[in-house]
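Trainee: I am new to this structure and would be grateful for a close look at a single part of it. Would you please take me through the largest pocket and then the helices around it?

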Amino acid sequence: VYVLSNIAAGNEFHKEAVMKFVAPGAGFGASPMLRFLQDKSNSQLRVAAVWCVMNLSYPDSSGAATRVVMLREAGIEQQLTKMVDDPCMDVKVSVH
C-alpha cells in the first residue's frame with residue numbers, strides 16, 4: 001500500500017493507474033482500498049491507505065475533483081470519517 005501511495009503522489013497518469021485499483025467502479029466488488037482502511041489488525045496498513053487517498057485527492061492536481069467523486073462512490077469518504085477515532089495516533093493524525 002505504501003507503493004500505491006507513492007505512485008499516487010506522481011503525475012496524473014500515475015494517479016489514474018492507482019485509481020483503477022482503488023476504485024475499480026461498479027460491478028467489480030468492494031474497493032481494495034476500503035478493505036485496507038478497515039483493517040483492524042495492521043495500523044500501518046491503515047496509515048498507508050489514508051496517505052494514498054490523500055495523494056489521490058490533493059486539490060492542486062487537475063483530476064482531483066473527479067477522483068474525489070469516485071472515492072466517495074467507493075465508500076472511502078465514509079470510512080475516513082469513521083477513522084477520526086482510530087485507536088492508532090498515526091492514523092488519527094493522517095485523517096485530520
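Mentor: What follows is an account of the pocket, then of one residue in a helix that lines it, and then of other helices. Please keep in mind throughout that the model is predicted.

The largest pocket has a volume of about 260 Å³. Its lining is made up of 13 residues, and those closest to the centre of the pocket are Val53, Ser57, Ile76, Glu77 and Leu80. Four elements each give two or more residues to this lining, namely helix 4 (43–56), helix 5, helix 6 (76–82) and helix 7 (89–95). Helix 6 supplies the largest share, with 4 residues. By class, the lining of the largest pocket divides into 8 nonpolar, 3 polar and 2 charged residues.

Helix 4 deserves a further look, and Val47 is one of the residues found in it. Is Val47 buried or exposed? The relative accessibility of Val47 is 7%, and a residue is called buried under 20%, so Val47 counts as buried. Leaving aside residues up to four places away in sequence, Val47 touches Tyr2, Asp90, Val91 and Ser94. Between Val47 and Ala74, which lie 27 residues apart along the chain, the C-alpha atoms are separated by 18 Å.

A second buried residue is Ser5, with a relative accessibility of 5%. Ser5 is located in helix 1 (residues 2–8). With residues up to four places away in sequence not counted, Ser5 is in touch with Ala48, Trp51, Cys52 and Asn55.

Arg35, in helix 3 (residues 32–38), has a relative accessible area of 48% and is partly exposed. Arg35 and Ala49 are separated by 14 residues in sequence, and their C-alpha atoms are 9.4 Å apart in space.

Helix 5, named above as part of the pocket lining, also packs with helix 2. Helix 2 spans residues 12–22 and helix 5 spans residues 64–73; the angle between them is about 10°, and their axes are 11 Å apart. Angles under 35 degrees count as roughly parallel, and the two helices are therefore roughly parallel to each other. On the side of helix 2 the contact is made by Glu12, Lys15, Glu16, Met19 and Val22, and on the side of helix 5 by Arg67, Met70 and Leu71. This contact has 4 nonpolar and 4 charged residues, with no polar ones.

Technical notes: Residues numbered from 1 in each chain as written. Predicted model: local features only at pLDDT ≥ 70, side-chain atom pairs only at ≥ 80, totals over all residues. Heavy atoms only, no water. Axes fitted to C-alpha atoms, helices over the stretch in contact; angles between N-to-C directions. Parallel < 35°, antiparallel > 145°, perpendicular 65-115°, else oblique. Contact = heavy atoms within 4.5 Å. Nonpolar A, V, L, I, M, F, W, Y, C, P; charged D, E, K, R; others polar. 1 Å grid on protein atoms, 1.4 Å probe; cavity = no way out; pocket = protein on both sides within 12 Å on 5 of 7 lines; lining within 4 Å. Points joined across faces, edges and corners; volume = space filled by probe spheres on them. Buried < 20%, exposed > 50% of the residue type's maximum accessible area, 1.4 Å probe, protein only.
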